[in-house]
Amino acid sequence: MTLLNASHHVSHDEQAGPEPPVGPDPKGEPDFHPYRHPAAGWGAAKSVSRVLARERALVDGPRSIMRMNHEGRGFDCPGCAWPDDTKGLHLDICENGIKHVTWEMTRKRVGREFFAAHSVTELFGWSDFDLEDQGRLTEPMVYDPESDHYVPISWRDAFGLVGSTLRGLDQPNQAAFYTSGRLGNEATFLYQLMARELGTNNLPDCSNMCHEASGRALRASLGTGKGTVDLKDWEATDALFIMGVNAASNAPRMLTALAEAYRRGAQVVHINPLVEAAATRTIVPHDFTDMALNKATRTSTLNVQPRIGGDMALVRGMAKAVLEQARTDPKALDQEFIDRHTAYFEEYRAVCEATSWEEIERQSGVGRDDILNVARVYRDADRSIVSWCLGVSQHEHGVDTVREIVNLLLLRGNLGREGAGPSPVRGHSNVQGNRTCGIDHRPAQEFLDRLADVCRIDPPREHGLDTVGTIQAMQRGEVKVFVGMGGNFALAAPDTPYTYEALRRCDLTVQVSTKLNRSHLVHGSRALILPCLGRTEKDHQRGGIQSTSVEDSMSMVHLSVGMKRPASKHLLSEPAIIAGIARAALPDSATPWEWYIEDYDRVRDTMAQVLDGFEDCNRRVRLPLGFRIKQPARELVFLTPSGRAEFSTAPLPDVVPAPGTLALGTMRSHDQWNTTIYSDNDRYRGIKNLRTLVFMNQDDMRERGLSEFDPVDITSTAKDGSLRHLDGYLAVPYDIPRGCAAGYMPEMNVLCAIGDYSAQSDQPLMKHIKVTITPAA
């Protein structure tokens with residue numbers, strides 16, 4: 001069976017008939033019925049009601065919901081990074097955001113009694129659902145190897161252990177400091193300041209596994225690593241092209257923008273190997289009239305299904321079609337924009353002309369007529385936005401694909417004007433803010449110069465380790481201390497057994513967390529669990545209740561203020577934990593760590609001096625909806641070597657699977673947020689009581705003699721020829737192109753070898769794993 005057992009608990013979906021008892025049910029038989037209903041709507045409302053009942057949050061839950069994503073005294077949803085509504089919407093929330101908040105607000109607690117009753121060896125055998133379902137961590141704990149239990153430790157002694165271990169290293173690069181997107185901007189800034197004052201740029205983060213390709217591509221093409229559009233542009237565009245995004249689960253509030261775009265007559269084109277629920281219809285729950293009438297709105301005008309990895313070829317085909325029409329219709333191109341603001345256009349035109357339609361069709365898996373139809377939508381639109389997520393970035397050629405998207409936008413001047421531009425969708429709250437505020441293993445020299453000048457430190461200048469590099473260095477014994485700020489690194493990373501072994505080779509692992517997870521059980525010789533406040537909770541410091549700032553996918557920075565009493569009086573905020581570690585590790589530091597923690601405005605004042613776009617941030621962040629970080633490319637200022645937006649000329653990669661093999665992409669289920677599993681259901685894909693599955697094209701199944709729910713063995717072949725296996729998975733027929741397959745992370749992360757990462761972005765190839773699938777032995 002599967003290496004990792006993600007969950008033994010389920011909750012029924014809207015097709016289940018009578019309402020189930022409150023709480024997780026015993027696991028039933030696997031079930032699959034294709035989802036035919038609108039996204040969100042009453043299915044989401046029922047799901048939210050069950051979640052609130054299960055977590056016994058029928059009072060606190062609705063109160064919190066009314067404070068989530070509100071300007072002023074509200075807290076930012078700890079889920080996705082979709083921007084807050086610009087029209088003052090009072091219920092700018094979604095099903096998955098509510099799940100995330102109530103999961104954090106649970107009344108269950110994990111204290112010293114729990115750890116005394118359960119050894120680490122025992123807990124390692126629990127499912128990941130059961131680990132997190134135990135509740136909130138309440139006090140710092142240290143691993144005792146003699147008893148194989150975690151035991152209590154004071155904050156002072158915990159900080160002392162980290163500090164003495166860091167001071168005892170032979171050199172600073174023997175430590176690595178990881179962060180997930182949950183960290184607020186102030187904690188992020190202090191975290192990178194501590195690491196650099198210690199002397200290392202080993203700052204791996206979740207972007208290394210998700211959108212690294214997007215940032216590198218946009219920086220190369222436009223001179224900025226972020227998208228150029230905001231939510232008002234989405235409200236004004238004529239055509240939206242949504243690529244590699246499962247919006248209904250990963251950014252559910254996008255459904256509102258898609259429905260509004262359709263209603264006003266905009267074209268909405270979804271490009272994805274799977275036709276997801278968000279690409280069909282929706283009933284947005286805060287549209288009370290539509291809910292009352294059960295009235296759905298379409299969220300697409302066209303769906304196109306390229307093969308996995310075929311997006312670049314599809315976009316090249318769209319560009320080729322535009323250029324071919326320009327031979328007889330000069331208005332097909334914005335030649336004035338191209339001449340004034342771009343470089344290398346003629347070279348790109350030559351590449352498009354040299355790329356045959358036969359090769360475009362073969363690599364994309366989409367017929368020429370369908371590509372011409374998509375190109376016609378783009379050509380006929382005065383203003384277009386292209387938005388994408390991990391379905392585009394987690395490939396060997398992810399950087400080239402994003403650059404090809406920019407190429408297409410440049411052809412018609414879709415940049416620097418309302419309703420047009422590139423719009424990457426970051427899937428985790430504040431993951432973009434982490435990078436803005438200094439979590440970058442390859443920092444710009446200009447940033448380091450300002451940091452040195454303002455903070456009076458001497459930061460290291462050489463590049464540090466990213467996520468893959470950190471795992472490999474731990475495996476070699478070169479990184480001895482691993483500090484994880486949020487997340488569940490052991491499960492999120494690729495090549496699960498390799499990552500486990502690497503973490504276990506550390507002298508010390510430190511996990512800053514709100515709940516028990518797998519990373520606490522895969523640890524170094526010494527290990528600490530440091531419990532922190534959640535985003536929903538009040539952060540009391542000497543200067544009063546503190547606010548933190550976060551940045552959304554569209555570069556808006558706004559404040560978040562917790563509203564609930566902390567789950568335990570022993571919890572510390574993430575900034576306070578960072579300051580405690582820093583003071584213990586850097587006892588002679590001139591940085592005023594304790595002074596910063598008294599009032600986070602002081603941190604922001606320093607950030608304003610160091611970070612581009614954060615000038616006067618303490619005033620601007622308190623404006624309605626906060627402030628938007630200026631993007632030079634939006635103003636047609638390009639910080640590239642040529643001083644212009646640069647066309648790229650990469651050849652198309654060969655993404656056609658070899659005979660007998662399939663390209664497999666990993667993804668989340670709907671009842672999941674990153675590595676947190678809420679149940680074994682996936683409502684929008686029609687799955688109940690099952691996670692150990694693989695979605696396959698029916699013809700591919702027939703070719704292998706497979707029927708629905710037949711057990712199969714999955715074998716991946718790494719670049720170095722090594723093999724990895726998952727046995728006993730169940731095959732599920734699905735509307736996916738031939739030669740493609742899909743299944744859930746983190747269970748399938750074992751199939752992605754540590755060496756299988758993009759040479760362009762260093763991202764693990766989670767969306768393009770070469771596999772063979774055979775009937776189970």
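This passage describes selected backbone and side-chain features of a predicted model.

Among the backbone features is a cis peptide bond, which joins methionine 745 and proline 746. The omega angle of this bond is about 5 degrees. Proline 746 belongs to a loop, which connects strand E32 (740-744) with strand E33 (769-775).

Positive phi values in residues other than glycine were also examined. Aspartate 148 is one of these residues, with a phi near 60 degrees. Its position is in the loop between strand E5 (141-144) and strand E6 (149-152). The relative accessibility of aspartate 148 is 17%, and aspartate 148 is therefore classed as buried, the cut-off being under 20%.

Arginine 456 likewise has a positive phi, near 55 degrees, and is a residue other than glycine. This arginine is placed in the loop between helix H22 (445-455) and helix H23 (467-475). Because its relative accessibility is 66%, arginine 456 counts as exposed, a class that requires a value over 50%. Thus aspartate 148 is buried, whereas arginine 456 is exposed.

A further position considered is serine 384, which lies in strand E14, a strand comprising residues 384-388. Serine 384 has a relative accessible area of 0% and is therefore buried. When residues up to four places away in sequence are not counted, the contacts of serine 384 include Thr237, Ala239 and Phe241. Tyr378 and Leu409 are also among the residues touched by serine 384, as are Asn414, Gly419, Ala420 and Gly421.

How values were computed:
Residues are numbered from 1 along each chain as its sequence is written. This is a predicted model: local features need pLDDT of at least 70, side-chain atom pairs count only at pLDDT 80 or more; totals for chains, interfaces and linings use all residues. Side-chain values use heavy atoms; hydrogens and water are left out. Helices (H or I, at least four residues) and strands (E, at least two) are DSSP runs, numbered from the N terminus. Buried means under 20% relative accessible area, exposed over 50%, partly exposed in between (1.4 Å probe, protein chains only). Contact means heavy atoms within 4.5 Å.
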